[in-house]
Amino acid sequence: MENMNWSDLAFGYMKTDYNVRCYYRDGKWGELEVSSSEIINIHMAATCLHYGQESFEGLKAFKGKDGKIRVFRMDENGKRMQSSSRGIKMAELPVEMFEEAVRKVVKLNERFVPPYESGAALYIRPLMIGLGAQVGVKPAPEYMFMVFVTPVGPYFKGGFKPSKVCIMREYDRAAPQGTGTIKVGGNYAASLVAGERAHELGYAAVLYLDPKEKKYLDECGPANFFGIRGNSYITPQSHSILPSITNKSLQQLAVDMGLTVERRPIPVEEIATFDEAAECGTAAVIAPISQIDDLDINKSYVIAKDGKPGPVCEKLYNKLRAIQYGDEPDTYGWVTVIE
Ligand SMILES: *Cc1c(COP(=O)(O)O)cnc(C)c1O
């Protein structure tokens with residue numbers, strides 16, 4: 001890997017050496033298996049293919065200045081995958097097995113963890129699918145859990161910079177009491193039309209409103225939303241938002257910095273009062289928002305007038321990244337060193 005240009009890597013797939021897999025059959029999970037094949041061979045009548053029994057996770061491993069590899073809050077991803085399983089009637093994987101799989105796949109692909117200086121990371125993608133030949137609509141008899149990894153470049157190649165997002169009222173990514181709170185592929189399928197339209201119009205993402213009343217902010221397609229006003233970190237509360245681990249971590253750091261955290265329904269119009277706004281998630285940590293255009297009612301909220309990220313976003317971003325790369329002490333026990 002000596003000749004790799006880590007900093008130029010995109011958020012894409014690159015073949016690595018190994019992935020790990022585990023099957024649920026006859027009511028129990030089997031042993032973790034190591035594979036060097038990128039292919040999975042499944043029955044054409046598997047429930048994941050027809051009825052969307054599929055969930056996934058996303059987390060990262062970082063190489064520190066000290067050469068150690070750190071994985072960020074994987075127990076939280078393990079718990080969230082269990083919640084996804086409960087939400088679409090799949091088998092629940094014990095968190096310890098999830099963590100063992102992550103440790104193993106990272107260790108086996110150690111040479112793909114980008115060096116500290118690159119600002120890149122190893123993206124870890126766990127997923128679970130329903131297997132077994134079945135045509136009737138009911139939960140699958142068997143499941144497969146697997147984890148693969150792929151190195152990904154730094155999210156902000158031209159520096160930490162804000163972008164524009166849009167509100168499009170004719171689309172929802174999840175139903176009011178639907179699957180918005182769990183990480184399932186179906187939510188992403190439902191967001192593709194709006195997402196592509198937003199990209200064509202020059203926006204980085206869609207900021208969804210609550211699907212019931214269209215009065216409150218929900219989240220962006222693949223990331224949570226927060227705003228900063230004065231000394232407050234304000235993030236939406238709703239029945240259709242995916243609980244982001246990045247957002248949860250940022251709320252803790254915000255409290256540590258002396259900010260007040262408000263988790264509550266946020267009326268759309270309140271955007272006008274925000275000093276800063278941002279998307280947050282594993283991919284970018286924080287992606288600041290410069291402007292929000294409410295397309296259907298032709299209203300624009302300009303947040304970053306100078307086109308620069310706000311000071312609070314910048315501080316939170318630097319703090320969380322420092323913990324992830326091991327530059328600052330991990331006072332909450334958020335990182336696992338892979339040995
Ligand atoms: C994964 C995801 C996020 C971000 O969650 P993190 O745990 O911070 O990566 C936000 N929204 C949706 C819809 C997601 O699927």
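This is a short talk on two loop residues and one strand in the structure above.

Before the details, note that the model is predicted.

I will start with Asn109. Where does Asn109 sit? Asn109 is in the loop that links helix 3, residues 95-108, to strand 7, residues 121-131. Its relative accessible area is 0%, so Asn109 is buried. Leaving out residues up to four places away in sequence, Asn109 is in contact with Thr16, Asp17, Tyr18 and Val149. Two of these neighbours also appear in polar contacts. A polar atom of the Asn109 side chain is 2.9 Å from the backbone nitrogen of Asp17. The side chain of Asn109 also reaches the backbone oxygen of Tyr18, again at 2.9 Å.

Next, Lys183. The UniProt annotation here is "modified residue: N6-(pyridoxal phosphate)lysine", and the entry is unreviewed. Lys183 lies in the loop between strand 9, residues 163-167, and helix 4, residues 185-200. Is Lys183 buried or exposed? The relative accessibility of Lys183 is 11%, and because the cut-off for buried is under 20%, Lys183 counts as buried. Beyond four places in sequence, the residues that Lys183 touches include Ser55, Phe56, Glu57 and Gly58. Also among them are Arg80, Ser84, Tyr188 and Leu242.

Strand 9, just before that loop, brings us to strand 16. Strand 9 and strand 16 run parallel and are joined by five bridges. Within that pairing, Lys164 has Gln291 of strand 16 as its bridge partner.

How many residues of strand 16 are buried? Strand 16 covers residues 285-294, and 10 of the 10 are buried, so the strand is largely enclosed by the rest of the structure. As background, side chains in a regular strand alternate between the two faces of the sheet.

Strand 16 has two antiparallel pairings to go through as well. Strand 15, residues 276-281, pairs with strand 16 in the antiparallel sense over four bridges. Gly281 has Val285 of strand 16 as its bridge partner, and the hairpin joining strand 15 to strand 16 passes through three residues.

After that comes strand 17, residues 299-302, which is paired with strand 16 in the antiparallel sense, over four bridges. Here Asp293 is bridged to Ser300 in strand 17. The hairpin of strand 16 and strand 17 has four residues between the strands, and Asn298 takes a positive phi near 55° in this hairpin.

To recap, Asn109 is buried, Lys183 is buried, and strand 16 is largely enclosed by the rest of the structure.

Notes: Residues are numbered from 1 along each chain as its sequence is written. This is a predicted model: local features need pLDDT of at least 70, side-chain atom pairs count only at pLDDT 80 or more; totals for chains, interfaces and linings use all residues. Side-chain values use heavy atoms; hydrogens and water are left out. Buried means under 20% relative accessible area, exposed over 50%, partly exposed in between (1.4 Å probe, protein chains only). A polar contact is a pair of N or O atoms within 3.5 Å; within protein, one must be able to donate a hydrogen and the other to accept it, and residues adjacent in sequence count only if both atoms are side-chain atoms. Contact means heavy atoms within 4.5 Å. UniProt positions are given in the numbering used here, feature names are shortened, and annotations may be inferred rather than shown by experiment. Two strands pair if DSSP finds at least two bridges between them.
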